[in-house]
Amino acid sequence: MCGHFQNTIRTGQRLQTVFTWIIGTSLLKHERYRPRESLSHDWYHVKGPIPQAPVMFKKFVQAFLPGIVKPLHSLWNEVLGFVFIAIAVLMIRALWRGYQEIDLGLAHLIKFVLGAFFFVVMLGFGLHAFWRARRISKS
C-alpha cells in the first residue's frame with residue numbers, strides 16, 4: 001500500500017489523503033472546506049451556502065454573453081446599413097426623373113428637393129451604420 005494511506009484512521013482523513021494524493025493540495029488549506037466536528041464520520045463539507053443553479057447560470061451568462069453580443073451588435077449595424085443604402089440606391093431613379101422635371105413647376109422642384117434630402121439622409125444613415133459596425137468589431 002502506498003505511503004499516503006498508512007496513517008489514515010477515519011473516513012474523512014482517508015478522503016483527505018486521497019484528494020491530497022490525486023490533486024496534490026490539501027483541501028484543509030482552503031477556507032471553504034473543514035471537517036465537521038459534530039459528525040463521528042468526520043465528513044468534509046463546504047462552509048456557507050452551496051452555489052445554487054441561478055448563481056451558476058448568472059456566472060455562465062456573464063462569461064459567455066459578451067462574446068456573443070458584440071458580433072450580433074456588429075451584424076445588426078451591418079444589416080441596417082445595407083437596408084438604408086439599398087433604400088438610397090432605389091431613390092436614384094426617382095431623383096433623376098425629378099431632376100429632369102424641375103422646370104415643369106414649383107411642385108416638381110419641391111418634390112425633387114425632398115427626394116434629394118431623403119436620399120442624403122438614407123445614405124448618411126447607411127454609411128454611419130457601417131462605420132459603427134466597424135468600430136464595434138475593432139473594440
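Here is a short back-and-forth on how some labels in this predicted model are earned.

User: Let's start with the overall layout. What does the secondary structure of the protein chain come to, and which pattern does it follow along the sequence?

Analyst: The chain has three helices and two strands, and they run in the order α-β-β-α-α. Helix α2 spans residues 53–100, while α3 covers 106–138.

User: Why is Ser74 called buried?

Analyst: Its relative accessible area is 8%. Buried means under 20%, so Ser74 gets that label. Ser74 sits in helix α2.

User: What makes the link between the side chain of Ser74 and the backbone oxygen of Ala133 a polar contact?

Analyst: The distance is 3.3 Å. The cut-off for a pair of N or O atoms is within 3.5 Å, so the Ser74–Ala133 pair passes on distance. Looking past sequence neighbours within four places, Ser74 is in contact with Ala133, Ile136 and Ser137.

User: And Asn77, how do you know that one is buried?

Analyst: Same kind of check: Asn77 has a relative accessible area of 5%, and with the limit at under 20%, it therefore counts as buried. Asn77 also belongs to helix α2. If you skip residues up to four places away in sequence, it touches Ala129, Phe130, Arg132, Ala133 and Ile136.

User: How much of the protein chain is buried?

Analyst: Buried residues are 17% of the 139 in the chain. As for the surface, the accessible area is about 11,100 Å², and carbon and sulfur atoms hold 69% of that.

User: Why are Phe60 and Phe64 called stacked?

Analyst: Two values go into that. Their ring centres are 5.2 Å apart, and pairing asks for centres within 6.5 Å, so they pair. Their planes are at 10°, and under 30 degrees counts as stacked, so stacked is the word for Phe60 and Phe64. By the ring rule, the count is four aromatic pairs.

User: What separates Phe60 and Phe64 along helix α2?

Analyst: About one helical turn, because they are four residues apart in α2.

User: What makes Phe60 and Phe64 partly exposed?

Analyst: Phe60 has a relative accessible area of 48% and Phe64 has 46%. Buried needs under 20% and exposed needs over 50%. Both values fall in between, so both residues are partly exposed.

User: Which residues do ring pairs link into a cluster?

Analyst: Trp96, Tyr99 and Phe112.

User: Back to accessibility. Why is Ile92 called partly exposed?

Analyst: Ile92 comes in at 44% relative accessibility. The band for that label lies between under 20% and over 50%, so Ile92 is partly exposed. This residue is in helix α2. Its C-alpha is 7.7 Å from that of Phe119, with their positions 27 residues apart in sequence.

User: How do you know that Val83 and Val121 are partly exposed?

Analyst: Val83 has a relative accessible area of 38%, and Val121 has 24%. Neither value is under 20% or over 50%, so both land in the partly exposed band. Val83 lies in helix α2, and Val121 in helix α3.

User: How far apart in space are Val83 and Gly126, and Val121 and Ala88?

Analyst: Going C-alpha to C-alpha, Val83 and Gly126 are 7.3 Å apart, at a sequence separation of 43 residues. For Val121 and Ala88, the C-alpha distance is 8.4 Å at a separation of 33 residues. Across the chain, 52% of contacts with a separation of 6 or more join residues 24 or more positions apart.

User: What makes Gly98 buried?

Analyst: Gly98 has 13% relative accessibility, and the label needs under 20%, so Gly98 is buried. Gly98 is part of helix α2, and its C-alpha is 8.8 Å from that of Val113, 15 residues away along the chain.

User: Which residues line the largest pocket?

Analyst: Gly98 is one of them, and the lining also includes Met91, Leu95, His108 and Phe112. The pocket holds about 160 Å³ of space. Helices α2 and α3 each supply at least two lining residues, with the largest share, five residues, coming from α2.

Note on methods. Residues are numbered from 1 along each chain as its sequence is written. This is a predicted model: local features need pLDDT of at least 70, side-chain atom pairs count only at pLDDT 80 or more; totals for chains, interfaces and linings use all residues. Side-chain values use heavy atoms; hydrogens and water are left out. Buried means under 20% relative accessible area, exposed over 50%, partly exposed in between (1.4 Å probe, protein chains only). A polar contact is a pair of N or O atoms within 3.5 Å; within protein, one must be able to donate a hydrogen and the other to accept it, and residues adjacent in sequence count only if both atoms are side-chain atoms. Contact means heavy atoms within 4.5 Å. Rings of Phe, Tyr and Trp (its six-membered ring) pair if their centres lie within 6.5 Å; planes under 30 degrees apart count as stacked, over 60 as edge-to-face and the rest as tilted. Accessible areas come from the Shrake-Rupley method with a 1.4 Å probe; for residues, only the protein chains shown count as cover. On a 1 Å grid over the protein atoms alone, a cavity is a set of points where a 1.4 Å probe fits but cannot get out, and a pocket is an open set with protein on both sides within 12 Å along at least five of seven lines; lining residues have an atom within 4 Å of a point. Grid points are joined across faces, edges and corners, and a volume is the space filled by probe spheres set on the points.
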